[in-house]
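Dear colleague,

Please find below the structure that I am handing over to you. My account of what was found in it follows directly after.

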Amino acid sequence: MVIKTKSEMELFDKASEIFLEEYKNSIKEKGCFSVAFSGGDTPKELFKRLVKMKINWGNVDVFMVDERYLPPDHKDSNYKLLWENLLSKIDIPTENVRTVKYMESLETSRIEYEKEVEDFIEDNKNSFDLIILGMGKDGHTASIFSDNLNMSGTVVPSLESELHKYNRISLGLDVINTCRKKMFILKKDKKCILDLVLSGKEYPASFVIDNVIYVINEEDK
């Protein structure tokens, strides 16, 4: 499903409405809600809206879609962005938040996060209720690039290359595709790549399937 908006304000208003709807549906159905947030600057405007909404964060489990292998206080850390713009502004139990930890090696960090994700899925007999995704102009999503596109596993690594700066850790496509709802939030500069993805061209984002919503803002008509 593609939902088109006419401004960035409307884009994030609509994305927050969808978030709240999914939250309410899950709470009504089972009393809890789980969400995985992507990194990058795009979610910041969503976070501003979420902190103002009537959400009982005690019933919400928060995960990270991906993270750069960096100390948590590094300016490019996704955790730093998540903490400053959402986690520090809401009343959520520490045990409800699972993040990628900066440990002695990329592989150690990956294994630790994979265990947390797999334990949650096993305990809940399900994956996440909602995953928030972005899309690069090269068609990548999460930290899924051509170098780790075909990797199996709950959590996969992506090594620094010409494609991207920093080593990274990301939820794998197997987990992403088992999420109940996937929502891409896309600014207007992503229209061309979205059109290519929707046309059937093979990019990493093309492999996110089933119950996918693309929310994109376009130029005012």
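How many of the 5 residues of strand 3 (residues 60-64) are buried? In this predicted model, 5 of the 5 are buried, so strand 3 is largely enclosed by the rest of the structure. The side chains lie in two sets: Val 60, Val 62 and Met 64 point one way, whereas Asp 61 and Phe 63 point the other way, and all are buried. Please note that an aspartate, Asp 61, is among these buried residues.

The sheet

Strand 3 belongs to an open sheet of 7 strands, in which the order is 1-10-9-6-2-3-5 and the pairing is parallel. The edges of this sheet are formed by strand 1 (2-5) and strand 5 (97-98), each of which pairs on one side only. As general background, the strands of a sheet pair through backbone hydrogen bonds, and they may do so in a parallel or an antiparallel manner.

Strand 2 (residues 33-37) pairs with strand 3 in the parallel sense, over 5 bridges. Two of the residue pairs may help you to find the register: Phe 33 has Val 60 as its bridge partner in strand 3, and Phe 37 has Met 64. Strand 2 is itself mostly covered, with 5 of its 5 residues buried. Phe 33, Val 35 and Phe 37 lie on one side of strand 2, Ser 34 and Ala 36 lie on the other, and both faces are covered.

Strand 2 is also joined to strand 6 by 3 bridges, and these two strands run parallel. Here Phe 37 stands opposite Ile 132. Phe 37 thus has a partner in strand 3, namely Met 64, and stands opposite a residue of strand 6, namely Ile 132.

Strand 6 (residues 130-133) runs parallel to strand 9 (residues 181-186), and 4 bridges join the two. Within this pairing, Leu 133 stands opposite Phe 184 of strand 9. Which residues of strand 6 point one way, and which the other way? Leu 130 and Ile 132 form one set and Ile 131 and Leu 133 the other, and all of them are buried.

Leu 82 and its contacts

Leu 82 lies in helix 3 (residues 78-85). With a relative accessibility of 4%, Leu 82 falls under the 20% limit and therefore counts as buried. Leaving aside residues up to four places away in sequence, Leu 82 touches Phe 37, Phe 47, Val 62, Met 64 and Leu 87. Among these contacts, Phe 37 is a residue of one face of strand 2, while Val 62 and Met 64 point one way from strand 3. As for a longer separation along the chain, Pro 204 is 122 residues away from Leu 82, and their C-alpha atoms are separated by 24 Å.

The loop before strand 10

Two residues in the loop between helix 6 (191-198) and strand 10 (212-217) deserve a note on their backbone. Asp 210 is placed in this loop and has a phi near 70°, a positive value in a residue other than glycine. Asn 211 is found in the loop between helix 6 and strand 10 as well, and its phi, near 55°, is likewise positive in a residue other than glycine. Is Asn 211 buried or exposed? Its relative accessible area is 52%, over the 50% limit, so Asn 211 is exposed.

The chain as a whole

The protein chain has 6 helices and 10 strands. Its radius of gyration is 16 Å, close to the 17 Å that the globule rule gives for 221 residues, so the chain is as compact as a globular protein of that length. Along the principal axes, the C-alpha atoms fill a box of roughly 50 × 40 × 35 Å.

Buried residues account for 50% of the 221 residues. Of the contacts between residues at least 6 apart in sequence, 74% join residues at least 24 apart. The accessible surface of the chain is about 11000 Å², and carbon and sulfur atoms contribute 49% of that area. Finally, the chain carries 32 positive and 39 negative charges, whose mean positions are 6 Å apart.

With kind regards

How values were computed. Residues are numbered from 1 along each chain as its sequence is written. This is a predicted model: local features need pLDDT of at least 70, side-chain atom pairs count only at pLDDT 80 or more; totals for chains, interfaces and linings use all residues. Side-chain values use heavy atoms; hydrogens and water are left out. Buried means under 20% relative accessible area, exposed over 50%, partly exposed in between (1.4 Å probe, protein chains only). Contact means heavy atoms within 4.5 Å. The radius of gyration is taken over C-alpha atoms; the globule rule is 2.2 Å times the number of residues to the power 0.38. Accessible areas come from the Shrake-Rupley method with a 1.4 Å probe; for residues, only the protein chains shown count as cover. Lys and Arg count as positive and Asp and Glu as negative; His and the chain ends are not counted. The place of a charge is taken as NZ of Lys, CZ of Arg, CG of Asp or CD of Glu. Two strands pair if DSSP finds at least two bridges between them.
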